[in-house]
Amino acid sequence: MLCLEGISKTFFPGSVNEKVALRDVSLHLVPGDFCTVIGGNGAGKSTLLNAIAGTYPVDSGRIRLANVDVTKLAEHRRAKYIGRVFQDPLRGTAGRMMVEENLLLAERRGKNLRLRWAFRAANKERYRELLRTLDLGLENRLETHMELLSGGQRQAVTLLMATLVRPELLLLDEPTAALDPRTAEKVLGITERIVHEHRLTTLMITHNMRDALRYGNRLIMMNNGRIVFDVRGEEKARLTIADLLAKFEETGEEMNDALILG
């Protein structure tokens with residue numbers, strides 16, 4: 001469960017570079033919500049995710065996760081509540097460590113790490129089975145260094161890492177933006193399966209209107225640091241790309257290449 005109450009964030013306040021990124025944003029996700037977030041460049045989407053994750057402290061408002069007020073918690077202290085997949089497949093993993101080492105670290109997210117840790121045969125077999133579910137041939141590459149995987153393989157492993165210990169909230173920051181269309185489709189399919197199997201509360205940023213409509217049970221549109229459109233359930237299921245374009249035009253912004261029709 002995620003509850004945002006009137007959060008605001010301004011970068012470089014009082015300077016010539018002042019930028020109001022979030023303006024009194026309130027949002028409530030119930031357990032199991034899969035919410036896609038769409039909007040033009042500078043709408044506040046990434047700042048929203050970074051504020052939730054604790055990367056950026058908010059200027060005002062309150063953030064609650066699983067009924068815990070995390071507004072003042074540092075990013076690393078929120079990690080036990082949050083799983084995150086970044087846009088760049090190179091982020092979120094240790095490239096020079098093996099696949100199995102990355103999975104073990106992910107499994108210990110939010111726990112005290114000790115100097116002495118080792119793999120057991122049971123760990124290896126379980127990780128192999130988990131990787132097999134990705135259907136990418138990674139079950140035989142436990143000892144491969146992450147940096148040697150393709151972008152799609154690495155992003156799929158990152159998704160697995162983010163959900164290995166079931167998070168209270170899964171944040172997906174344009175997870176397929178750096179992938180080719182075929183690989184992106186594969187990764188999104190894996191994402192949808194994992195989210196539904198574990199009923200994960202999920203917030204996913206996308207610039208692809210088709211993906212925003214296809215995935216999840218809820219959609220929000222942001223503009224100028226505010227949520228300007230919020231739709232869910234059957235109403236969302238009836239939306240078309242034409243409807244989204246009309247809503248976007250209502251914001252007064254010009255259409256740009258960052259928004260993909262799909």
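Which residues of the largest nonpolar core touch the most other members? They are Val 99, Leu 103, Leu 131, Leu 134, Val 157, Leu 159 and Leu 170. The close-ups below start there, and keep in mind that this is a predicted model.

**View 1. The largest nonpolar core has 29 residues.** Look for the seven that touch the most other members: Val 99, Leu 103, Leu 131, Leu 134, Val 157, Leu 159 and Leu 170. Several elements each give two or more residues to this core, namely helix 3, helix 4 (121–132), helix 5, strand 7 (169–173) and helix 6 (181–198). Helix 5 chips in the most, with seven residues.

**View 2. Another core, of 27 residues, lies apart from that one.** Among its members are Leu 49, Ala 51, Tyr 81 and Leu 203.

**View 3. Leu 131, up close, is a residue of helix 4.** Is Leu 131 buried or exposed? It counts as buried because its relative accessibility is 0%, and the cut-off for buried is under 20%. Skip the neighbours within four places in sequence, and Leu 131 is still in contact with Val 99, Leu 103, Leu 138, Glu 139, Leu 142, Val 157 and Leu 160. For a sense of distance, find Arg 62, which sits 69 residues away from Leu 131 along the chain. The C-alpha atoms of this pair are 37 Å apart.

**View 4. Thr 201 sits in the loop between helix 6 and strand 8 (202–205).** This threonine has a relative accessible area of 4%, so Thr 201 is buried. Its side chain reaches the backbone nitrogen of Gly 32, at 3.0 Å. Who else is around? Leaving out neighbours within four places in sequence, Thr 201 is in contact with Met 1, with the run Leu 29, Val 30, Pro 31, Gly 32 and Asp 33, and with Glu 168, Leu 169 and Leu 170. You've already met Leu 170 in the largest nonpolar core.

**View 5. The largest pocket has a volume of about 500 Å³.** It is lined by 19 residues, and the closest to its centre are Ala 79, Ile 82, Arg 84, Phe 86 and Arg 109. Which elements give two or more residues to this lining? Those are helix 2 (75–78), strand 6 (82–85), helix 3 (99–107) and helix 5 (151–164). As for the mix, the lining has nine nonpolar, six polar and four charged residues. Helix 3 and helix 5 may ring a bell: each also gives two or more residues to the core in View 1.

How values were computed:
Residues numbered from 1 in each chain as written. Predicted model: local features only at pLDDT ≥ 70, side-chain atom pairs only at ≥ 80, totals over all residues. Heavy atoms only, no water. 1 Å grid on protein atoms, 1.4 Å probe; cavity = no way out; pocket = protein on both sides within 12 Å on 5 of 7 lines; lining within 4 Å. Points joined across faces, edges and corners; volume = space filled by probe spheres on them. Helix = DSSP H or I, 4+ residues; strand = E, 2+ residues; numbered from the N terminus. Nonpolar A, V, L, I, M, F, W, Y, C, P; charged D, E, K, R; others polar. Core = buried A, V, L, I, M, F, W, Y, C linked by side-chain atoms within 4.5 Å. Buried < 20%, exposed > 50% of the residue type's maximum accessible area, 1.4 Å probe, protein only. Contact = heavy atoms within 4.5 Å. Polar contact = N/O pair within 3.5 Å; in protein donor to acceptor, adjacent residues only side chain to side chain.
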